[in-house]
Amino acid sequence: MTTALGTYFRNIIFNWLKGTAAPLTPDLYAALYSVAPTRAGTGGTDITNVVSTGRILIPKTDWSAITTTSTYLEIQTNSDRSFGNALSTGTTNYIALFDAATSGNMWALQPVTGFAAIVGIPLVIKAGTLKIRIGTSVWSNYFVTKWLNYLKNTSAGTPPANTYVGLWNGDPLATGLGTAEVTTNIWSARQAIASGNWSSILSSGDTLYIQNASPITTGVGASSTQSVTHTVLLDAATSGNHLLRIPSTPTYISTAGSPTSIVTGALNLLLP
């Protein structure tokens with residue numbers, strides 16, 4: 001299943017889109033929970049110091065190469081990571097990753113099964129058990145790869161001064177290699193969104209999101225009648241990399257000669 005990304009990590013991603021550079025990648029530390037904490041890393045039942053002497057280091061150099069599937073991208077630990085001999089019995093249902101040996105910010109949360117501590121027996125997270133998996137149903141392979149590589153100690157790079165909205169008739173897919181762009185059938189060009197023109201980070205339940213803080217429009221009438229199935233966010237005015245795609249439900253039909261705009265708050269970038 002897709003890893004539950006912590007609030008702190010998702011804020012880094014959104015703030016990068018909003019113009020703030022990501023901090024240096026930390027090493028992470030694994031903590032054991034019988035009851036899940038919140039996405040902010042609070043609450044839950046932390047049994048790390050009951051069954052062991054404390055969190056264990058997961059160095060950023062221990063993450064694997066990225067595995068790509070049609071629905072998600074994933075990294076996993078390459079090595080066994082041991083808490084030492086268990087000090088007490090207890091069952092771990094969740095492994096949380098924090099950026100400090102104590103306290104700190106939670107970056108990710110993964111459910112696990114069959115991870116029981118038995119007194120005197122080594123308590124080990126086997127290689128490949130701990131995964132960070134991010135879905136690509138909305139976000140592109142390019143964008144998810146950027147952030148998984150960031151966890152592996154590759155800089156996320158300079159935040160973009162602008163991102164650009166393009167229009168597609170058909171799913172461009174997570175690869176960005178899907179159907180053709182139809183932006184210039186409606187607008188004269190892709191429309192820029194300045195990094196400062198995204199909203200503050202908002203929430204709905206566990207989902208965090210940002211949205212356009214003003215309308216996206218040229219004020220120019222569409223050049224032709226055109227169906228639009230997806231709104232796509234890219235990092236360049238021409239060519240460039242796809243960041244995410246959002247289906248238009250129902251399919252939007254532009255009318256030749258009529259101005260076409262995306263109203264304030266209609267373009268929502270979600271990280272569940």
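Which residue just after α3 takes a positive phi? That's N153, with a phi of about 85°. It makes a handy signpost for a walk through this structure, which is a predicted model, and helix α3 is a good place to begin.

Helix α3 covers residues 141-151, and most of the helix is tucked away: 8 of its 11 residues are buried. The buried ones are N141, F143, V144, K146, W147, L148, Y150 and L151. As a bit of background, an α-helix has 3.6 residues a turn, so residues three or four places apart point the same way. If you look at what α3 lies against, you'll find strands β5, β6 and β11, with the helix running at about 15° to β6.

Those strands belong together. They make an open sheet of 3 strands in the order β5-β6-β11, and the pairing is antiparallel. β5 (67-68) and β11 (131-135) stand at the edges with a single partner strand each, so one side of each has no neighbour in the sheet. Strand β6 spans residues 72-76, and 2 bridges join β5 to β6. To find that spot on screen, look for T67, whose bridge partner in β6 is E74. While you're in this area, check Y72: R133 lies over the face of its ring, at 4.0 Å from the ring centre.

Back to α3, and now to its aromatic residues. The whole structure holds 10 aromatic pairs. One of them is W16 with W147, an edge-to-face pair with 5.7 Å centre to centre and 85° between the planes. W16 lies in helix α1 (residues 7-17) and W147 in helix α3, so this pair ties together parts that are 131 residues apart in sequence. Both W16 and W147 are buried. Another pair, W139 and F143, is stacked instead, with 4.8 Å centre to centre and 20° between the planes. These two are hidden as well: W139 is buried with a relative accessible area of 4%, and F143 is buried with one of 3%. Step back a little and you can see one aromatic cluster formed by Y8, F9, W16, W107, W139, F143, W147 and Y150.

What about the nonpolar interior? In soluble globular proteins, nonpolar side chains tend to be buried together. Here the largest nonpolar core has 58 residues, and L97, W139, W147 and L269 touch the most other members. So two familiar tryptophans, W139 and W147, turn up again here. L97 is worth clicking on: leaving aside its neighbours within four places in sequence, its contacts include L28, Y29, I58, W63, M106, W107, L130 and I132. There is also a second, separate core of 6 residues, with A31, Y33, A96 and F98 among them. F98 has a charged companion too, since the charged end of R55 sits over its ring, 3.9 Å from the centre.

One last stop is strand β10, residues 122-125. Which of its residues are on the covered face, and which on the uncovered one? L123 and I125 are on the covered face, while P122 and V124 are on the uncovered one. That fits a general pattern: in a regular strand the side chains alternate between the two faces of the sheet. The partner here is strand β7 (residues 81-85), which is joined to β10 by 3 bridges and runs antiparallel to it. Look for R81, which stands opposite I125 in β10.

Conventions:
Residues numbered from 1 in each chain as written. Predicted model: local features only at pLDDT ≥ 70, side-chain atom pairs only at ≥ 80, totals over all residues. Heavy atoms only, no water. Core = buried A, V, L, I, M, F, W, Y, C linked by side-chain atoms within 4.5 Å. Buried < 20%, exposed > 50% of the residue type's maximum accessible area, 1.4 Å probe, protein only. Contact = heavy atoms within 4.5 Å. Helix = DSSP H or I, 4+ residues; strand = E, 2+ residues; numbered from the N terminus. Phe/Tyr/Trp six-rings, centres within 6.5 Å; stacked < 30°, edge-to-face > 60°. Lys NZ or Arg CZ within 6 Å of the ring centre and 35° of its normal. Pairing = 2+ DSSP bridges. Axes fitted to C-alpha atoms, helices over the stretch in contact; angles between N-to-C directions.
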